[in-house]
Amino acid sequence: MPGTPPTRFVYLGPEGTFAEQALRTVPAAEHGTRTPARSVGEALDSVRAGDADAALVPLENSIGGAVGVTLDEMAEGEPLVITREVVLPVEFVLGARPGTRLDQIRMVAAHPQASTQCRDWLRTHLPDAVVVDVLSNGAAAGGVASGEHDAAICAPIGAARHRLAVLADKIADHADAVTRFALVSRPGPPPPPTGDDLTSLAVYIAHDRVGALLSVLMELAVRGVNLTRIESRPTGEALGRYVFFLDCAGHVADVRLGEALQGLHRVCAEVRFLGSYPRHRWSGAPGDSPVPAPAGLSDVDYSDAAAWLARLRSGELT
């Protein structure tokens, strides 16, 4: 029910992955139930069906880019909304059974994305080890615990879950890599504005109209709405047909963003609202405060202009 705090959470599994680690930073999830799902689609469908109150799924990685399956699932099917984002540093560790030395490792289990992000470290410290692809970071840690592999590249929570010794930590080649996750719920009133919020949209443009994408961007630009991310995904209808995913600074309750949404509704084939939610603040984020509205485009300016127009319509010219 809208306004009821979530107690049943589902996340992209299995256990012992960065997704579980990210979910456990959400205070309500620490006191609720946390169930792993086999895929992003399964996690979101659990929310749609009412079997879970909220799902935590990955949106993008600072190295690998957007998680296409999440964007596709959010754009299709019964609507869902983002109520919170979590930005988690991707700090891979090398885990092994207690007593294992680095020079004894001949086989390393890793998800392909994990081994790619740790390529230089592996080349330097384990040049002769064979890297075995597994389905997840949690599966890598589990395979080491069962004796199937010598070591695993995994999340710290995975090493702890399977009682592995950490032979090396922070082994990713990009020390500042992060993954952005979204907490997704069934539609309801968005969290109240905080002054530092994001609004996510899926925008379908009119493909037979010249300058359709420019029209979308202008609706935001003329109102001083800062576009923080734009990503295109094919709709599956035909070549050249795309849906654009936008992250905009601001909240649906803000006057200027509200007017921009009305403008997008007028010029686009379809606009799917994906939620307004507080921007996650983390130590590696660029800038310490939201980008201020340009002169003349703050909510106060909009209110003053609306009041002025109302006076004109009533016959007052002062």
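**Note on the predicted model**

1. Strand β1 (residues 8-12) runs parallel to β3, and three bridges hold the pairing. Within this pair, valine 10 has alanine 55 of β3 as its bridge partner. The model discussed here is a predicted one.

2. Strand β3 (residues 54-61) has further partners. With strand β11 (residues 178-185) the pairing is antiparallel and comprises seven bridges; in this pairing valine 57 lies opposite alanine 182 of β11. Strand β4 (residues 65-66) is also antiparallel to β3, the two being joined by two bridges. Here asparagine 61 faces glycine 65 of β4, and the connection from β3 to β4 is a hairpin of three residues.

3. How much of β3 is buried? Seven of the eight residues of the strand are buried, so that β3 is mostly covered. For the protein as a whole, 43% of the 318 residues count as buried.

4. A second region for comment is an open sheet of five strands, ordered β8-β7-β9-β6-β10, in which the pairing is mixed. Strands β8 (130-133) and β10 (165-169) occupy the edges; each has a single partner strand, and therefore one side of each is left without a neighbour in the sheet. From one strand to the next, the twist averages 30 degrees.

5. At the β8 edge, strand β7 (residues 107-110) runs parallel to β8, with four bridges between them. Alanine 109 has valine 132 of β8 as its bridge partner. Helix α7 (residues 137-145) packs on this sheet, where α7 touches β6 (93-96), β7 and β9 (151-154). The direction of α7 makes about 160 degrees with that of β9.

6. The loop between β8 and α7 contains serine 136. Is this residue buried or exposed? Serine 136 has a relative accessible area of 8% and is buried, because the cut-off for burial is under 20%. Leaving aside residues up to four places away in sequence, serine 136 touches Pro14, Thr17 and His111.

7. The interior was also examined for enclosed space. Rolling a probe the size of a water molecule over the atoms shows where empty space is left. In this model, the count comes to one cavity of 30 Å³ or more. The volume of the largest cavity is about 50 Å³.

8. Which residues line the largest cavity? The lining is made up of Leu59, Leu71, Met74, Ile82, Ser200, Arg229, Phe245, Leu246, Asp247 and Leu274. By class, seven of the lining residues are nonpolar, one is polar and two are charged. Two elements, α4 (68-75) and β14 (242-249), each supply at least two residues of the lining. The greatest contribution comes from β14, with three residues.

9. Some overall values complete the note. The protein has eleven helices and 15 strands, and its C-alpha trace spans about 85 × 40 × 40 Å along the principal axes. Of the contacts with a separation of 6 or more, 76% are between residues 24 or more positions apart.

Definitions and conventions. Residues numbered from 1 in each chain as written. Predicted model: local features only at pLDDT ≥ 70, side-chain atom pairs only at ≥ 80, totals over all residues. Heavy atoms only, no water. 1 Å grid on protein atoms, 1.4 Å probe; cavity = no way out; pocket = protein on both sides within 12 Å on 5 of 7 lines; lining within 4 Å. Points joined across faces, edges and corners; volume = space filled by probe spheres on them. Nonpolar A, V, L, I, M, F, W, Y, C, P; charged D, E, K, R; others polar. Pairing = 2+ DSSP bridges. Axes fitted to C-alpha atoms, helices over the stretch in contact; angles between N-to-C directions. Contact = heavy atoms within 4.5 Å. Buried < 20%, exposed > 50% of the residue type's maximum accessible area, 1.4 Å probe, protein only.
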